[in-house]
Amino acid sequence: MADKAVGWITFLRKYGPIAQNDNMYDEHIRKSSRRLGIRPIEFPHPIEKEVLSIFQADASPPASVILTGTAGDGKSHLCGKVWRLIGGGDTEWASDEIYYQRENIVGGKPVTIHIIRDLTALPDRDDQNRYTNRRELLERFCESIFTPEPTEVFLIAGNDGQLVESWQRLGDSDLISKTRSLFESFLVEGLHEKPGVSLKFFNLSRVNSSILLDLTLDALLSHEGWHECYERGAEELEFFGNRCPIRHNYELLKTPLVQSRLKAIFELCEYNDLHIPIRRILLLLANAILGHPAVKDRLLRPSDIPQVLKSGTVSKASLYNNIFGGNLSETRRESLEVFQNINKLRIGRETSNRIDNILIFGHADENLRPYFDQFLAADRFYGADEAYYAAQHEYLEGTDEDTSNNHAFLELLVGQRRGLFFRVPEAQAQEMTLWELTVFRYAGEYLTRVMGALKAGGKIERPILSRLVRGLNRVFVGMLVSADREIILAKGLSYTDAKVCPLLEERISVIPRLGERMDVLLSNGKAVLRISLSTAISCDLPLNLTRYEFLSRVAEGALPSSFSKECYEDMLAFKSKVLRALSERVQSQDETPEMMFRLLSIDEHGNPTEEIIEVSDD
């Protein structure tokens, strides 16, 4: 049993950020699985059932399939599932072949099925003479998808950026150009199929990362390898004993609170248009359980545990820090997109006075001591240990010249803030100002009161909507407007994107009135802010997390141009879009515009007032 337990951890390391980078490829993981005799970590992909149904004998009519997305989204894994469904063998699939071909019954008819598991790696010539050259094979694919009852169908896997590029390199025949345009429309519009086309298009990057996290967590935590670890009956100072950080990290990852906060991180990334593929989720989870900065590959092996326990460096294996790649070198961490994405939240790098007072002074302050004891002293693994107290003492009592010790304590503070993010229960989240541990102070509100409400079929609360209106007005006008019941559209004296805009164009009611209104709606799983100028004319702004934070901060007094230049420019572009729609409304009503200017000013309470200046014909 001991060998099986050690083998399981050895195999789990293959999913982590090891130097060989084998975790990026499904075939490499499967080779390790066969060599070690351990089942891979796998689960049914959310689209697996639908993809397999297309190649079943009773499927009708026959259709080709494109699987696209980023590297690690599971394209090759799904191709292997289809290969086995149509009678292909594991030995053939385990080879280094890129192209596979097989006759099978689909929709009650004999069909030739072509499988290209990696479009970019497809050889120009086939050594088995199954196709003449790459162009000829892909042209056959083009013909098949525009044939109502094709006698051959294709399953092609390729990264989204390389898919269109591959067809651009084929030339510009009518059929190829038509197919390339079809791909572009599928990618831009997020479509799955189109009438009259024998093709199903699956963009795996559109599968929500938090859903993939749930599936991956369940598959990892329920793997029988952990049972082998518990069965080995380890001593306290050995691998998987009571003090083993691998065991503790595994058990922490099973707790509902840690899982809910980890899921919140993934949801926030998704709501910020940052997709995390399956392979990278596995990398993060393996690193979370096994990470330690002072061992080979910075990932623990069973043989490392006795020395880690003896040296008193268990705290360096903290799951809370490993989730963010804290065990890795800065260069390695920044080279991995999954850590780049979640570290954009800056969890642990941001803080509040209350949190840092607890972490730094809590053990000596009778008012803060209960919180220090609850969140740090009570954690015997990753809380306040001897190293923490020593660094804290040096920080508080040391000289100004002793900057190295100060730096060490500040890095410990980062890890403890991250620990708080996963330890603070939901009931104390507001009291502890939990979301101030991130760069997005409104993130918790966005998760629950915006996306949570919309997904439950509800509406956004009026105070939140009013805040968004106030933020928009302050960007649109360039002044500290307090109005939150109407959208103020104004222009500069010479151009529409001036920072200060004193020429009032229109006031648009936020509360429904004569077709005018403003709403936050759910569209394809994402929030959209919609300004309606009439029942037929409206403008949409995708309201991702960053834009929501930007508008909320501006509404509360932040300068609109200092928080995020990109967001500021996005708002000005949206303003231009609304102004064009306003012009369209005027034209549709066939009204002759009056010759006058409306000068906008703000009173001492932030209320917009206007002065009308008429222009004479004389």
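Asp124 is partly exposed, with 43% relative accessible area. Its salt-bridge partner is Arg125. The model is a predicted one. It holds 40 salt bridges. Its largest nonpolar core has 160 residues. Four topics follow.

**Salt bridges**

- Asp124 and Arg125 pair through their side chains, with 3.8 Å from N to O.
- Arg125 is exposed, at 55% relative accessible area, whereas Asp124 is partly exposed.
- Arg349 and Glu411 form another salt bridge, and their closest N and O atoms are 3.3 Å apart.
- Arg349 sits in the loop between helix H17 (337-343) and helix H18 (353-361), while Glu411 sits in helix H21 (residues 403-423), so this pair ties together parts that are 62 residues apart in sequence.
- Both ends of this bridge are partly exposed: Arg349 has a relative accessibility of 37%, and Glu411 has a relative accessible area of 36%.
- Arg470 meets Glu556 in a salt bridge of 3.5 Å, N to O.
- Arg470 belongs to helix H23 (residues 462-477) and Glu556 to the loop between helix H24 (545-555) and helix H25 (560-563), so the pair ties together parts that are 86 residues apart in sequence.
- Arg470 counts as buried because its relative accessibility is 16%, under the 20% limit.
- Arg470 and Glu556 are also part of one network, joined by salt bridges that share partners. The other members are Glu445, Arg449, Glu461, Arg467 and Asp484.

**Nonpolar cores and a surface patch**

- Within the 160-residue core, Leu67, Trp226 and Ile246 touch the most other members.
- Helix H13 (residues 278-290) gives the most to this core, with ten residues.
- Beyond its neighbours within four places in sequence, Ile246 contacts Ile9, Trp226, Phe239, Phe240, Ile289, Leu290, Leu300 and Ile305.
- Another core lies apart from the largest one and has 26 residues, among them Leu122, Tyr131, Cys142 and Ile176.
- On the surface, Phe361, Tyr395, Leu396 and Leu410 form a nonpolar patch. Together they have about 320 Å² of accessible area.
- Leu396, one of the patch residues, lies in helix H20 (residues 386-397). Leu396 is partly exposed, at 37% relative accessible area.

**A buried serine**

- Ser185 is part of helix H8 (residues 174-189).
- Ser185 counts as buried, at 12% relative accessibility.
- Leaving out residues up to four places away in sequence, Ser185 touches Gly190 and Lys194.

**Backbone exceptions**

- Most residues other than glycine have a negative phi, and most peptide bonds are trans.
- Ser60 and Pro61 are joined by a cis peptide bond, with omega about -10°.
- Pro61 is in the loop between helix H3 (48-54) and strand S1 (64-69).
- Asn129 is not a glycine, yet its phi is positive, about 60°.
- Asn129 lies in the loop between strand S3 (109-116) and helix H6 (134-145). Asn129 counts as exposed, with 68% relative accessibility.
- Asp297 also has a positive phi, near 60°.
- Asp297 is in the loop between H13 and helix H14 (305-311). At 28% relative accessibility, Asp297 is partly exposed.

Definitions and conventions:
Residues numbered from 1 in each chain as written. Predicted model: local features only at pLDDT ≥ 70, side-chain atom pairs only at ≥ 80, totals over all residues. Heavy atoms only, no water. Salt bridge = Lys/Arg side-chain N within 4 Å of Asp/Glu carboxyl O. Buried < 20%, exposed > 50% of the residue type's maximum accessible area, 1.4 Å probe, protein only. Helix = DSSP H or I, 4+ residues; strand = E, 2+ residues; numbered from the N terminus. Core = buried A, V, L, I, M, F, W, Y, C linked by side-chain atoms within 4.5 Å. Contact = heavy atoms within 4.5 Å. Patch = residues over 30% accessible without salt bridge, like charges linked within 9 Å, V, L, I, M, F, W, Y side chains within 5 Å. Areas by Shrake-Rupley, 256 points an atom, 1.4 Å probe, with all protein chains shown as cover.
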